[in-house]
Amino acid sequence: MSKLLIKHANQLITLTGSSEKPLTKEEMSNLHIIEDGAVYIEGGKIKSVGTTDELLELYKNCLDGVEVVDATGKVVLPGLVDPHTHLVYAGSRENEFNMRLNGATYMEIMNNGGGIHATTSRTRAASEEELVEQSLVRLDRFLLHGVTTVEAKSGYGLDWETEYKQLKAAKAVGALHPIEVVSTFMGAHAVPAEYKGNPDAFIDLVIEEMLPKVAEEKLAEFNDIFCEHGVFTPEQSRKLLEAGKKYGLTPKIHADEIEPYEGAELAAEVGAISADHLLRASDKGIEMMADKGVIGVLLPGTAFFLMTEAAKGRKMIDSGVPVAISTDCNPGSSPTCSVPFMMNLACMHMGLNPAEAITAATINAAHAINRGKEIGSIEEGKRADLVILNVLNYMQMQYHYGMNHTDTVIKNGRVVVNGGRLCYQQ
């Protein structure tokens, strides 16, 4: 049984006591820091947490054969969690970036055959093997930035054959790579060209033909939809999310990204685990989310890349919404795998403080994919997913912005990044 000791962390960010529910309001700033901290790991699980002196004394007679990682002058925190990605897709859309720089809007590009539709065409044409190969490259980038768990949505198929191919590819990469991949079915990411003008019929197709197959083969845990003007209405979204619940799929929702559209309200009404984007969420919607405990997954990189106003992160936290942050990794509106940069943007553009940004990228992000009891904090019995950063204290993570401070990543008690370099074997 593998054993590992991390010692002499300048700061050990534990987030103790947060496993049962996501943190809100002032709780998000309480990191439960241990100075000169240490973690003892055995069999992929965290066995003990304390000061270095405490753990060296506790295990002084049984350190033979234990791998020791010296974190002197560094910060140790839970492995980062990305709760909203579109990991599995083919191709890229850098041409659209240039179009936006010349004045085109996201919805204009999408309505003229670009956007989601452009990636759908390439993903339909790609083999499952090609999707796996491209996704593994992205997962390596995530890992190098300290990410140990990601959610992955389908939604670039818009037909069963391709949605199935995406979901299978997500399972395949999760089996091949150290990062855990949590799957979400998003068959209703857009109205496919063949159903243009008849979105109700497409929603019926997803409900009647796709959802049963997803549930039968256990291809996903969550069910998501793009609730947006010009895509799917709140009524269509409610119908699909309620149908998914009958198949055991927990609702998520792309809400109020482009326009206020009552997506946040709908998330509260259907009992969604999270509402994501929320750039244009109403005050009423924010209040309803806080009341129902719906996690607000904010995507600062999307607003940054689309050059639009960011979501009201400060208002949401002050209102009692448990906030998480994510890359929204996708080829059109946020082609990045850097959760640390999302933390920088959350502080600078959404009003979070450095401690809140850590909470949002660890334990609250874990809760947003129903993993809060397993990962997201450094506590006895939890999975040993940790990241060691080349900074003296947690505030330097945001102060030295736009840089990757990751030195070491530990996944399930195994060192998979060392000295900023990948060191795992498939």
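**Exercise 1. Salt bridges between and within helices**

Determine how many salt bridges a search of the whole structure finds, and work out which parts of the chain Glu-269 and Arg-238 tie together.

Solution. The search of the whole structure finds 22 salt bridges, a salt bridge being a side-chain nitrogen of Lys or Arg within 4 Å of a carboxyl oxygen of Asp or Glu. The model is a predicted one, in which local features need pLDDT of at least 70 and side-chain atom pairs count only at pLDDT 80 or more, whereas totals for chains, interfaces and linings use all residues. Residues are numbered from 1 along each chain as its sequence is written, and side-chain values use heavy atoms, with hydrogens and water left out.

Step 1: take the pair formed by Glu-269 and Arg-238, whose closest N and O atoms are 2.5 Å apart. Glu-269 belongs to helix α9 (residues 263–270) and Arg-238 to helix α8 (residues 234–246), so this salt bridge ties together parts that are 31 residues apart in sequence. Helices (H or I, at least four residues) and strands (E, at least two) are DSSP runs, numbered from the N terminus.

Step 2: examine the exposure of the two partners. Glu-269 is partly exposed with a relative accessible area of 45%, and Arg-238 is likewise partly exposed, at 35%; here buried means under 20% relative accessible area, exposed over 50%, and partly exposed in between (1.4 Å probe, protein chains only).

**Exercise 2. The two partners of Arg-314**

Identify where the salt-bridge partner Glu-356 lies relative to Arg-314, and decide whether Glu-356 is buried or exposed.

Solution. Step 1: begin within helix α12 (residues 313–319), where Arg-314 and Asp-318 are 4 residues apart and therefore separated by about one helical turn. Their side chains meet in a salt bridge with an N to O distance of 3.2 Å.

Step 2: turn to Glu-356, whose side chain also meets that of Arg-314 in a salt bridge, at 2.8 Å from N to O. This pair links distant parts of the chain, with Glu-356 in helix α14 (residues 354–361) and Arg-314 in helix α12, 42 residues apart.

Step 3: compare the surroundings. Arg-314 is partly exposed at 27% relative accessibility, while Glu-356 is buried, with a relative accessible area of 3%.

**Exercise 3. Strand order and pairing**

Establish the order of the strands in the open sheet of 8 strands, and then find how β2 pairs with β1 and with β3.

Solution. Step 1: the open sheet runs in the order β6-β7-β8-β9-β10-β11-β12-β13, with parallel pairing, two strands being paired if DSSP finds at least two bridges between them. Its edge strands, each pairing on one side only, are β6 (80–82) and β13 (323–325). From one strand to the next, the twist averages 25 degrees, where axes are lines fitted to C-alpha atoms, for helices over the stretch in contact, and angles run from 0 to 180 degrees between N-to-C directions.

Step 2: at the β13 edge, strand β12 (residues 295–298) is joined to β13 by 3 bridges, and Val-297 has Ala-324 in β13 as its bridge partner.

Step 3: strand β1 (residues 3–13) pairs with strand β2 (residues 33–42) in the antiparallel sense over 8 bridges, with Ala-9 facing Gly-37 in β2 as its bridge partner. Strand β2 is also joined to strand β3 (residues 45–51) by 6 bridges, again antiparallel, and the bridge partner of Tyr-40 in β3 is Ser-48.

Step 4: β2 and β3 form a hairpin with 2 residues between them, and Gly-43 in the turn has a positive phi of about 60 degrees.

**Exercise 4. Positive phi in one loop**

Decide whether Asp-256 is buried or exposed, and make the corresponding assignment, buried or exposed, for Glu-262.

Solution. Step 1: most residues other than glycine have a negative phi. Asp-256, although not a glycine, has a positive phi of about 50 degrees, and for Glu-262 the value is near 60 degrees.

Step 2: Asp-256 lies in the loop between β10 (250–255) and α9, and Glu-262 is placed in the loop between β10 and α9 as well.

Step 3: the accessibilities give the assignments, since Asp-256 is buried with a relative accessible area of 1%, whereas Glu-262 is exposed with a relative accessible area of 53%.
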